[in-house]
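User: I'm new to this structure and would like a close look at a single part of it. Could you pick a spot and walk me outward from there?

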Amino acid sequence: MNDIAHRVRTLGLGFNDRIESWRIDFALEYIDFDELPLAFETLYTYIYEHGGTITSAEYRELHELAQLLNTPFSPQTRSALIAMTCDGNG
């Protein structure tokens with residue numbers, strides 16, 4: 001597995017206590033079918049819709065992965081994710 005896929009999988013598994021495991025599994029399963037951008041988009045949608053709070057480090061990882069995978073956040077998603085961070089700073 002390449003480094004980016006590993007990072008997406010690690011990030012996703014870190015949300016197992018905050019998002020239903022079936023959602024995480026569903027999103028990460030796309031990696032096994034060489035659909036890494038889709039896996040990431042599905043994951044960050046679930047985080048945005050069901051994740052509760054996220055750490056600043058998680059936000060930074062989401063943002064960096066979005067750039068690496070050329071899947072930029074919409075302005076609304078970016079604002080929502082920043083607001084979800086524990087300190088509100090992203």
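Analyst: Sure, let's begin at Asn-70, which sits in the loop between H4 and H5. Bear in mind that this is a predicted model, so everything here is computed from it. Asn-70 is exposed, with a relative accessible area of 66%. Its backbone is a bit unusual too: phi of Asn-70 is near 55 degrees, a positive value in a residue other than glycine. Most residues other than glycine have a negative phi.

Asn-70 has a counterpart in another loop. Asp-34, in the loop between H2 and H3, also has a phi near 55 degrees, again positive and again in a residue that isn't glycine. Asp-34 is exposed, at 71% relative accessible area.

Now go back to the loop between H4 and H5, where Thr-71 is found as well. Is Thr-71 buried or exposed? Thr-71 counts as buried, because its relative accessibility is 5% and anything under 20% is called buried. Leaving aside neighbours within four places in sequence, Thr-71 is in contact with Pro-37, Phe-40, Glu-41, Tyr-44 and Ala-66.

Two of those partners are worth a stop. Pro-37 lies in helix H3 and, at 35% relative accessibility, counts as partly exposed. Pro-37 and Ser-21 are 16 residues apart in sequence, and their C-alpha atoms are 20 Å apart in space.

Tyr-44 lies in helix H3 too, but Tyr-44 is buried, with a relative accessible area of 10%. Not counting residues up to four places away in sequence, Tyr-44 touches Leu-62, Thr-71, Pro-72, Phe-73 and Thr-77. For a sense of distance, the C-alpha atoms of Tyr-44 and Glu-64 are separated by 12 Å, with their positions 20 residues apart along the chain.

From here we can step inside. The largest nonpolar core has 26 residues, and those with the most contacts inside it are Val-8, Phe-40, Leu-43, Ile-47, Ile-54, Leu-62 and Leu-81. Phe-40 you've already met as a partner of Thr-71, and Leu-62 as a partner of Tyr-44. Which helices feed this core? Helix H1 (3-13), helix H2 (21-32), H3, H4 and helix H5 (75-84) each supply at least two of its residues. H3 gives the largest share, seven residues.

Leu-43 and Ile-54 show what such contacts look like. Beyond residues up to four places away in sequence, Leu-43 touches Val-8, Leu-11, Gly-12, Ile-24, Ala-27 and Leu-28. Ile-54 is in the loop between helix H3 (36-50) and helix H4 (56-68). Even so, Ile-54 is buried, with a relative accessible area of 0%. With the same sequence neighbours left out, Ile-54 touches Phe-15, Arg-18, Ile-47, Tyr-59, Leu-62, Leu-81, Met-84, Thr-85 and Cys-86. Ile-54 and Leu-65 are eleven residues apart in sequence, and 15 Å separates their C-alpha atoms.

Val-8 leads us to H1. In that helix, Ala-5, Arg-7, Val-8, Leu-11 and Gly-12 are buried. Those residues cover an arc of only 160 degrees around the axis, which puts them on the same side of H1. What covers them includes H2, H3 and H4.

Arg-7 may catch your eye in that list. Arg-7, in helix H1, counts as buried because its relative accessibility is 17%, and the cut-off is under 20%. Setting aside residues up to four places away in sequence, Arg-7 touches Glu-61, Glu-64, Leu-65 and Leu-68.

Finally, how do H1 and H2 sit against each other? They pack at an angle of about 170 degrees, with their axes 10 Å apart. Angles over 145 degrees count as roughly antiparallel, and H1 and H2 are therefore roughly antiparallel to each other. At the contact, Ala-5, Val-8, Arg-9, Gly-12 and Leu-13 in H1 meet Ile-24, Leu-28, Ile-31 and Asp-32 in H2. By class, that contact has six nonpolar, one polar and two charged residues.

So, to retrace the walk: we set out from Asn-70, exposed in its loop, passed buried Thr-71 and buried Tyr-44 in H3, looked into the 26-residue nonpolar core, and ended where H1 packs with H2.

Methods
Residues are numbered from 1 along each chain as its sequence is written. This is a predicted model: local features need pLDDT of at least 70, side-chain atom pairs count only at pLDDT 80 or more; totals for chains, interfaces and linings use all residues. Side-chain values use heavy atoms; hydrogens and water are left out. Helices (H or I, at least four residues) and strands (E, at least two) are DSSP runs, numbered from the N terminus. Buried means under 20% relative accessible area, exposed over 50%, partly exposed in between (1.4 Å probe, protein chains only). Contact means heavy atoms within 4.5 Å. A nonpolar core is a set of buried Ala, Val, Leu, Ile, Met, Phe, Trp, Tyr and Cys residues joined through side-chain atoms within 4.5 Å. Axes are lines fitted to C-alpha atoms, for helices over the stretch in contact, and angles run from 0 to 180 degrees between N-to-C directions. Angles under 35 degrees count as roughly parallel, over 145 as roughly antiparallel, 65 to 115 as roughly perpendicular and the rest as oblique. Ala, Val, Leu, Ile, Met, Phe, Trp, Tyr, Cys and Pro count as nonpolar, Asp, Glu, Lys and Arg as charged, and the others, Gly among them, as polar. The arc is that of the directions from the helix axis to the C-beta atoms.
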